[in-house]
Amino acid sequence: KDNFQNIIENEKLNRVNHIDLITYTIDPKGSKDLDDALSIKEFNDHYKLYIHIADVSFFIKKDDELYTDALNKSFSTYLPDYVIKMFPKEISEDMCSIHENKERLVVTTEIKISKEYKILDYKFYRSIVKSNKQFTYEKVKDILETNNYENEEMLVSIKLMYNIYENIKKNNKLKIPEIIFNDEIKVSYLDNVHEMIEEMMILNNKLVAEYFNKNKKTFIGR
């Protein structure tokens with residue numbers, strides 16, 4: 001941990017530098033492990049959507065002690081007042097968490113999208129980002145409804161991201177309900193901002209699977 005900043009500086013030489021991209025996370029209120037972030041740019045005849053995923057595999061090497069421990073746990077277990085984490089919080093909540101105004105190592109999926117919202121091309125690479133803002137779902141919902149935010153560039157980016165989502169979601173028939181247990185069991189569906197983030201993650205996973213399939217790689221699909 002003491003060497004973390006040196007690691008970041010050294011990795012700048014090996015990665016695509018996206019520190020100047022307008023980048024933000026959108027998560028539930030109180031989230032500590034921020035494992036994905038988004039950026040978008042508009043060009044004359046296309047858009048570029050960037051989906052950044054925390055580069056956990058840079059820190060957790062195959063077959064080392066942390067890897068073996070995570071394999072045995074399989075996932076983080078969420079209890080009412082405590083979380084048994086798959087990785088130590090120094091990694092999950094700090095070094096691999098895409099915090100606001102902190103340089104972080106990520107794996108980026110860069111997607112070229114036409115003005116007719118067709119995917120033209122995509123590629124994956126390791127990069128470094130610096131999140132401009134840690135948003136909650138509620139805040140982004142408010143920004144979209146009021147069409148107002150103090151940072152004009154960020155406002156334009158969020159509106160553009162939402163526009164992309166609205167147009168690409170038409171190709172996805174998956175709609176997953178949320179089950180709420182209270183006095184009775186209720187089924188509800190995600191609001192538009194939750195759904196936007198879900199849609200971006202589905203798109204990312206879909207492209208990864210497509211790439212592996214085309215290149216005859218063995219992989220786990222879910």
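In which loop does Pro88 lie? Pro88 sits in the loop between β6 (82–84) and α4 (89–95). Helices (H or I, at least four residues) and strands (E, at least two) are DSSP runs, numbered from the N terminus.

This is a predicted model, in which local features need pLDDT of at least 70, side-chain atom pairs count only at pLDDT 80 or more, and totals for chains, interfaces and linings use all residues. Residues are numbered from 1 along each chain as its sequence is written, and side-chain values use heavy atoms, with hydrogens and water left out.

Pro88 counts as partly exposed, because its relative accessibility is 31%. Here buried means under 20% relative accessible area, exposed over 50%, and partly exposed in between (1.4 Å probe, protein chains only). Pro88 and Glu199 are 111 residues apart along the chain, and their C-alpha atoms are separated by 29 Å.

**The sheet**

An open sheet is formed by 7 strands in the order β1-β8-β7-β4-β3-β2-β9, with mixed pairing. Two strands pair if DSSP finds at least two bridges between them. At the edges stand β1 and β9 (133–136); each has a single partner strand, so one side of each is left without a neighbour in the sheet. From one strand to the next, the twist averages 35°. In a regular strand the side chains alternate between the two faces of the sheet.

Three of the pairings are set out below.

| Strands | Sense | Bridges | One bridge pair |
|---|---|---|---|
| β1 and β8 | parallel | 3 bridges | Val16 and Ser127 |
| β4 (residues 46–54) and β7 (residues 103–114) | antiparallel | 9 bridges | His46 and Ser114 |
| β7 and β8 | antiparallel | 11 bridges | Glu110 and Lys123 |

The hairpin of β7 and β8 has 4 residues between the strands, and Tyr117 in this hairpin takes a positive phi near 70°.

His18 belongs to strand β1 (residues 16–18). Is His18 buried or exposed? His18 counts as buried, because its relative accessibility is 9%. Apart from neighbours within four places in sequence, His18 is in contact (heavy atoms within 4.5 Å) with Tyr50, His52, Thr108, Tyr125, Ser127, Ile128 and Val129.

**Helices across the sheet**

Helix α6 (residues 152–168) lies across β2 (23–27), β3 (36–42), β4, β7 and β9, and runs at about 95° to β3. Helix α7 lies across β2, β3, β4, β7 and β8 (119–130), and its angle to β8 is about 110°. Axes are lines fitted to C-alpha atoms, for helices over the stretch in contact, and angles run from 0 to 180 degrees between N-to-C directions.

The axes of α6 and α7 come within 10 Å and cross at roughly 70°. That makes α6 roughly perpendicular to α7. Angles under 35 degrees count as roughly parallel, over 145 as roughly antiparallel, 65 to 115 as roughly perpendicular and the rest as oblique. On the α6 side the contact is made by Met161, Tyr162, Ile164, Tyr165 and Ile168, and on the α7 side by Asn192, Glu195, Met196, Glu199, Met200 and Leu203. The residues of this contact of α6 with α7 divide into 8 nonpolar, 1 polar and 2 charged. Ala, Val, Leu, Ile, Met, Phe, Trp, Tyr, Cys and Pro count as nonpolar, Asp, Glu, Lys and Arg as charged, and the others, Gly among them, as polar.

Helix α5 (residues 137–146) also meets helix α7 (residues 192–214): their axes come within 8 Å and cross at roughly 110°. The two helices α5 and α7 are therefore roughly perpendicular to each other. Tyr137, Val140, Lys141 and Leu144 of α5 make the contact with Asn192, Val193, His194 and Ile197 of α7. The contact of α5 with α7 holds 5 nonpolar, 2 polar and 1 charged residues.

**Helix ends and positive phi**

Asp64 caps the N-terminal end of helix α3 (residues 65–73), with a side-chain oxygen 3.2 Å from the backbone nitrogen of Leu66. After α3 comes Ser74, whose phi is positive, near 75°.

Asp63 lies in the loop between α2 (56–59) and α3. Asp63 is a residue other than glycine with a positive phi, near 75°, and it is exposed, with a relative accessible area of 59%.

Lys216 is in the segment after α7. Phi of Lys216 is also positive, near 55°. Lys216 counts as exposed, at 71% relative accessibility.

Technical notes
A polar contact is a pair of N or O atoms within 3.5 Å; within protein, one must be able to donate a hydrogen and the other to accept it, and residues adjacent in sequence count only if both atoms are side-chain atoms.
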